[in-house]
Amino acid sequence: MSGDDMARETAVALWDRRLHIVTGKGGTGKTTIAAALAVALATGGRRVLLTEVEGRQQIAQLFDTPPLPYRERKVASAPGGGEVFALAIDADEALLEYLEMFYNLRRAGRALGRVGAVDFATTVAPGVRDVLLTGKVKEAVNRPDGTRPSGLAYDAVVLDAPPTGRIARFLNVTAEVAGLARMGPIRAQAEGVMKVLAPERAAVHLVTLLEEMPVQETVDGIRELREVGLPVGAVVVNMVRRPLLAPAELDLARHGQLDYEELATGVKEAGIEPTEELIANLAWEAAQHAERVALETAQRAEIACLDRPVCEVPMAADGVDVGTVYQIAELLRSQRMNP
C-alpha cells in the first residue's frame with residue numbers, strides 16, 4: 001500500500017469514528033472546531049450530538065442560542081437534512097442521573113445536593129467527576145433508537161473536551177478510579193467509557209496554532225495520549241494566515257535586504273508620498289512579517305513530525321460566528337481530516 005493510500009485509509013477511518021474528542025490549548029479555537037466538526041459530520045442527513053463538559057456555555061454562545069440546559073437540544077441543521085443537537089454536561093446533574101439509574105436515589109440525590117454532599121464527593125474524589133462527565137458521553141454514544149436506520153440515537157458524538165494539558169488524565173478514567181472502586185457501578189461505568197474510547201470507535205483530535213506554545217502542548221498531549229493507549233486522531237491547525245510576500249521577498253525582508261527604491265516606487269504609485277520614515281517603517285513591518293512566516297514554517301515542521309493527518313483552517317477575517325462554523329465545516333468535510 002502506498003503512503004497516499006495509507007493516509008487516505010487513516011483519514012476515512014478517523015472520519016467514521018463514532019466519538020470525536022476535540023482538545024487544544026486555551027485560545028486555539030477548539031470549541032469552534034468542535035462545532036464545525038459536528039456540522040460536517042451531520043452533513044448528508046446524519047444526526048450528531050455536540051457536547052461540552054467545562055460549564056462555560058460556549059456552544060450556546062457560538063450558535064447564538066440561550067444557555068443549554070441538561071438535556072439535548074437541536075442547535076443547527078446541516079446540509080442534506082442533517083441535525084446537530086447539543087448538550088452541556090453538568091457533573092452534579094450527571095451524578096443525580098447516575099444515582100437514579102443505579103440506585104433509584106434521584107430524590108435523595110437532590111437532598112444530598114442541597115447539603116453540599118455532591119460537591120464534597122466530587123472534590124474528595126476528582127476522578128469520579130470525570131467518570132460522571134465521560135459516562136454521560138458514553139451513554140449518548142451507545143444509546144439505542146429503534147426508529148432510526150442505524151439503530152442508534154446519534155450517528156456520531158463530538159465532545160468539546162478540556163484543554164490539552166489535562167486531556168489524557170480526563171479520558172483515562174479507569175486509572176483514575178481504580179483505587180476508589182475495584183468493583184460495582186462506578187468501576188463498570190469507567191470500564192464502559194474505556195470501551196467507547198477504543199481506537200476503532202473514538203479519536204482525539206488536537207487543535208493548535210502555528211505558535212510555539214500551542215504546538216509544544218500538542219506534541220506533549222499526543223505523547224501523553226499514546227502513553228496511556230488513547231487513540232490520537234488528526235491535528236487541526238487553526239487561524240492560519242497566508243504569507244503576504246513571495247518566498248524570495250520574504251528572504252530579502254528577513255535579512256534586511258529589501259530594495260528601498262522599489263518600495264518607494266510602489267508607495268508613490270499608490271498615491272502616497274514615500275518619505276524616508278515611511279519606507280523604513282514598511283521595511284521593518286516586512287521584516288517582522290518574514291520572521292513570523294519563518295517561525296510558522298518551523299512549527300509546521302514540528303507538526304509534520306507527529307505523523308498524524310493535518311487539516312489547516314484559515315483565520316476568519318471578520319471574527320467567528322455561525323456562518324464561520326459552516327465554512328469551517330465544509331473545509332473539514334472536504335479534507336476529511338486528510339493531510
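Helices (H or I, at least four residues) and strands (E, at least two) are DSSP runs, numbered from the N terminus. This is a predicted model: local features need pLDDT of at least 70, side-chain atom pairs count only at pLDDT 80 or more, and totals for chains, interfaces and linings use all residues. Residues are numbered from 1 along each chain as its sequence is written, and side-chain values use heavy atoms, with hydrogens and water left out.

**Exercise 1. Place Thr 164 in the structure and list what it touches.**

Step 1. Find the element. Thr 164 belongs to helix 8, residues 164-171.

Step 2. Check burial. Buried means under 20% relative accessible area, exposed over 50%, and partly exposed in between (1.4 Å probe, protein chains only). Thr 164 has a relative accessible area of 2%, so it is buried.

Step 3. List the contacts. Contact means heavy atoms within 4.5 Å. Leaving out residues up to four places away in sequence, Thr 164 touches Thr 23, Gly 24, Lys 25, Leu 206, Glu 217, Thr 218, Gly 221 and Glu 224.

Step 4. Look for a polar contact. This is a pair of N or O atoms within 3.5 Å; within protein, one must be able to donate a hydrogen and the other to accept it, and residues adjacent in sequence count only if both atoms are side-chain atoms. A polar atom of the Thr 164 side chain lies 3.3 Å from the backbone nitrogen of Gly 24.

**Exercise 2. Work out the strand order of the sheet and find its edges.**

Step 1. Recall the rule. Two strands pair if DSSP finds at least two bridges between them.

Step 2. Read the order. Eight strands form an open sheet, 3-4-2-5-1-6-7-8, with mixed pairing.

Step 3. Find the edges. Strand 3 (73-78) and strand 8 (310-314) each have a single partner strand, so one side of each lacks a neighbour in the sheet.

Step 4. Follow the pairs. Strand 3 and strand 4 (residues 82-88) pair in the antiparallel sense over five bridges. There, Arg 73 stands opposite Ala 86. Strand 2 pairs with strand 4 in the parallel sense over six bridges, and Glu 52 stands opposite Ala 88. Strand 2 also pairs with strand 5 in the parallel sense, over five bridges. Here Leu 50 faces Val 158.

Step 5. Check strand 2 for burial. Five of the six residues of strand 2 (residues 47-52) are buried, so this strand is largely enclosed by the rest of the structure.

**Exercise 3. Describe the aromatic pair of Phe 85 and Tyr 154.**

Step 1. Apply the rule. Rings of Phe, Tyr and Trp (its six-membered ring) pair if their centres lie within 6.5 Å; planes under 30 degrees apart count as stacked, over 60 as edge-to-face and the rest as tilted. The count comes to one pair.

Step 2. Classify this pair. The centres of Phe 85 and Tyr 154 are 6.1 Å apart, with 65° between the planes, and the pair is edge-to-face.

Step 3. Locate the partners. Phe 85 is in strand 4, and Tyr 154 is in the loop between helix 7 (126-142) and strand 5 (156-160). They are 69 residues apart.

Step 4. Check burial. Phe 85 is buried at 17% relative accessibility. Tyr 154 is buried at 4%.
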